[in-house]
Amino acid sequence: MGLDDDIKHNAEDMKGKVKEKVGDATDNERLQAEGVADQASAKVKKAGDDVKDALTDDR
């Protein structure tokens with residue numbers, strides 16, 4: 001996985017955590033759900049990159 005991809009995925013994960021916390025603090029269920037979805041999306045992308053790296057032996 002390239003460093004750029006890693007940074008993007010980590011940023012998306014952090015954005016999701018912030019959204020989730022703000023949603024919790026403001027009782028905004030939609031914002032909280034978006035945060036959880038952003039985190040899940042980042043994890044899926046990270047896993048996909050890990051699989052791609054394992055198959056191409058690009059570590």
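At 72% relative accessibility, Asp 27 counts as exposed, because the cut-off for exposed is over 50%. This residue of the predicted model is a useful place to start. Asp 27 sits in the loop between helix H1, residues 3-26, and helix H2, residues 29-56. Its phi is near 55°, a positive value in a residue other than glycine. Most residues other than glycine have a negative phi. Along the chain, Asp 27 with its positive phi follows H1.

From this loop, the view can widen to the whole chain. The chain has 2 helices and 0 strands. Its radius of gyration is 14 Å, well over the 10 Å that the globule rule gives for 59 residues, so the chain is more spread out than a compact globule. The box filled by the C-alpha atoms, taken along the principal axes, is roughly 45 × 15 × 10 Å.

Helix H1 comes before the loop. How does the span of H1 agree with the value of 1.5 Å a residue? The 24 residues of H1 should span 34 Å at that value, and the end C-alpha atoms of H1 are 34 Å apart, so the two agree. A pair of residues gives another distance along the chain: Asp 5 and Val 22 are 17 residues apart, and their C-alpha atoms are separated by 26 Å. Asp 5 belongs to helix H1. With a relative accessible area of 27%, Asp 5 is partly exposed, because this class lies between the cut-offs of 20% and 50%.

Helix H2 comes after the loop. H2 has 28 residues and reaches 41 Å from its first C-alpha to its last. That reach is close to the 40 Å expected at 1.5 Å a residue. Ala 47 is one of the residues in H2, and its relative accessible area of 38% makes it partly exposed. The C-alpha atoms of Ala 47 and Ala 25 are separated by 30 Å, while the two residues are 22 apart along the chain.

Not every pair with a gap in sequence has such a distance in space. Glu 34, which lies in helix H2, is 17 residues from Lys 17 in sequence and 9.6 Å from it in space, C-alpha to C-alpha. The pair Asp 5 and Val 22 is also 17 residues apart along the chain, with 26 Å between the C-alpha atoms. Glu 34 itself counts as partly exposed, at 28% relative accessibility.

Which residues are buried in each helix? In H1 they are His 9, Glu 12, Asp 13, Gly 16 and Gly 23. In H2 they are Leu 31, Gly 35, Asp 38, Gln 39, Ala 42, Asp 49 and Asp 53. What covers the buried residues of H1 includes H2, and the buried residues of H2 pack against H1. Over the chain, buried residues make up 20% of the 59 residues.

Ala 42 shows this packing at the level of one residue. Ala 42 lies in helix H2 and has a relative accessible area of 0%. Ala 42 is therefore buried, because buried means under 20% relative accessible area. Leaving out residues up to four places away in sequence, Ala 42 touches His 9, Glu 12 and Asp 13. These three residues are among the buried residues of H1. Ala 42 and Lys 8 are 34 residues apart in sequence and 8.5 Å apart in space, C-alpha to C-alpha.

A count of contacts covers the chain as a whole. Among contacts with a separation of 6 or more, 46% are between residues 24 or more positions apart.

The outside of the chain and its charges complete the picture. The chain exposes about 4300 Å², and carbon and sulfur atoms supply 56% of this area. There are 11 positive and 16 negative side chains in the chain. The centres of these two sets lie 2 Å apart.

Definitions and conventions
Residues numbered from 1 in each chain as written. Predicted model: local features only at pLDDT ≥ 70, side-chain atom pairs only at ≥ 80, totals over all residues. Heavy atoms only, no water. Helix = DSSP H or I, 4+ residues; strand = E, 2+ residues; numbered from the N terminus. Buried < 20%, exposed > 50% of the residue type's maximum accessible area, 1.4 Å probe, protein only. Expected span 1.5 Å × (residues − 1). Contact = heavy atoms within 4.5 Å. Rg over C-alpha atoms; globule rule 2.2 N^0.38 Å. Areas by Shrake-Rupley, 256 points an atom, 1.4 Å probe, with all protein chains shown as cover. Lys, Arg positive; Asp, Glu negative; His and termini not counted. Charge placed at Lys NZ, Arg CZ, Asp CG, Glu CD.
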